[in-house]
Amino acid sequence: MNSEPKLIELTRILDHRGNLSVVEQFKDIPFDIKRVYWIYDVPGGENRGGHAHREISEFIIAANGSFTVTLTDGKDKKKFLLNHPYQGLYVGPGWWRTLDDFSSGSVCLVIASDYFAEEEYIRDYDEFLKFNGI
Ligand code: TYD
């Protein structure tokens, strides 16, 4: 069974000079941090994702603005609105993800458990269902 997606509340260091939040590997998220990437300048109405990972875990943060993450393991469907820079969504392998409803100026920051490798992606939905034994 795939590990359950989970919204994780991060430490908030409130300060009149501006607030700060932090992610540390194995303390705040259950994996090694190997890669960080971010998605920005998303045109209105566009969506991202449309794939699953065979092995990689990710932690998705709305560093600015908001967007919706829809996840399915082929059976259950879960929807998360990310709209605070002090929380993130843990997504383990074997979850098909779609990101949409990006607000103007939003930034999607993703922390990943491994380096980029195209062969590690599942981009075909039927193949994904097979991968999950469906
Ligand atoms: P993709 O993961 O499909 O983006 P999204 O999750 O938004 O659908 O990646 C889009 C393109 O960027 C694809 O050609 C692979 C490339 N890419 C990298 O080269 N390195 C990376 O770390 C990532 C995440 C993507």
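Strand 4 and strand 11 (residues 107–112) pair in the antiparallel sense, over five bridges. One of the facing pairs is I39 with C108, the latter in strand 11. Everything described here belongs to a predicted model.

Strand 11 also pairs with strand 6 (residues 58–64). That pairing is antiparallel too, over six bridges. Here V107 of strand 11 is the bridge partner of N64.

**The nonpolar core**

C108 appears again in the core. The largest nonpolar core has 16 residues. I60, F67, V69, L71, L82, L89 and C108 touch the most other members. Five elements are named as giving two or more residues to this core: strand 6, strand 7 (67–72), strand 8 (77–82), strand 9 (87–91) and strand 11. Strand 7 gives the most, with three residues. In soluble globular proteins, nonpolar side chains tend to be buried together.

**The open sheet**

Strands 7 and 8 are also part of an open sheet. Its five strands run in the order 8-7-10-5-12, with antiparallel pairing. Which strands stand at the edges? They are strand 8 and strand 12 (121–122). Each has a single partner strand, so one side of each is left without a neighbour in the sheet. For strand 12, the pairing with strand 5 is antiparallel and spans two bridges. A52 has I122, in strand 12, as its bridge partner.

**The ligand site**

Which residues lie around the ligand? They are R35, Y37, I39, R48, G49, H51, F116, Y121 and R123. I39 is thus both in this shell and opposite C108 of strand 11. By class, the shell holds four nonpolar, two polar and three charged residues.

Oxygen atoms of the ligand have polar partners in the protein. Three of these contacts are listed below.

| Residue | Protein atom | Distance to a ligand oxygen atom |
|---|---|---|
| R35 | polar side-chain atom | 2.5 Å |
| G49 | polar backbone atom | 2.9 Å |
| Y121 | N or O atom in the side chain | 2.5 Å |

How much of the ligand does the protein cover? On its own, the ligand has 520 Å² of accessible area, and the protein covers 63% of this. Two elements give two or more residues to the shell: strand 4 (35–39) and strand 5 (48–53).

**Putting it together**

Strand 4 serves the ligand shell and pairs with strand 11. Strand 5 gives residues to the shell and pairs with strand 12. Strand 11, in turn, gives residues to the largest nonpolar core and pairs with strand 6.

Note on methods
Residues numbered from 1 in each chain as written. Predicted model: local features only at pLDDT ≥ 70, side-chain atom pairs only at ≥ 80, totals over all residues. Heavy atoms only, no water. Near = heavy atom within 4 Å. Polar contact = N/O pair within 3.5 Å; in protein donor to acceptor, adjacent residues only side chain to side chain. Areas by Shrake-Rupley, 256 points an atom, 1.4 Å probe, with all protein chains shown as cover. Helix = DSSP H or I, 4+ residues; strand = E, 2+ residues; numbered from the N terminus. Nonpolar A, V, L, I, M, F, W, Y, C, P; charged D, E, K, R; others polar. Pairing = 2+ DSSP bridges. Core = buried A, V, L, I, M, F, W, Y, C linked by side-chain atoms within 4.5 Å. Buried < 20%, exposed > 50% of the residue type's maximum accessible area, 1.4 Å probe, protein only.
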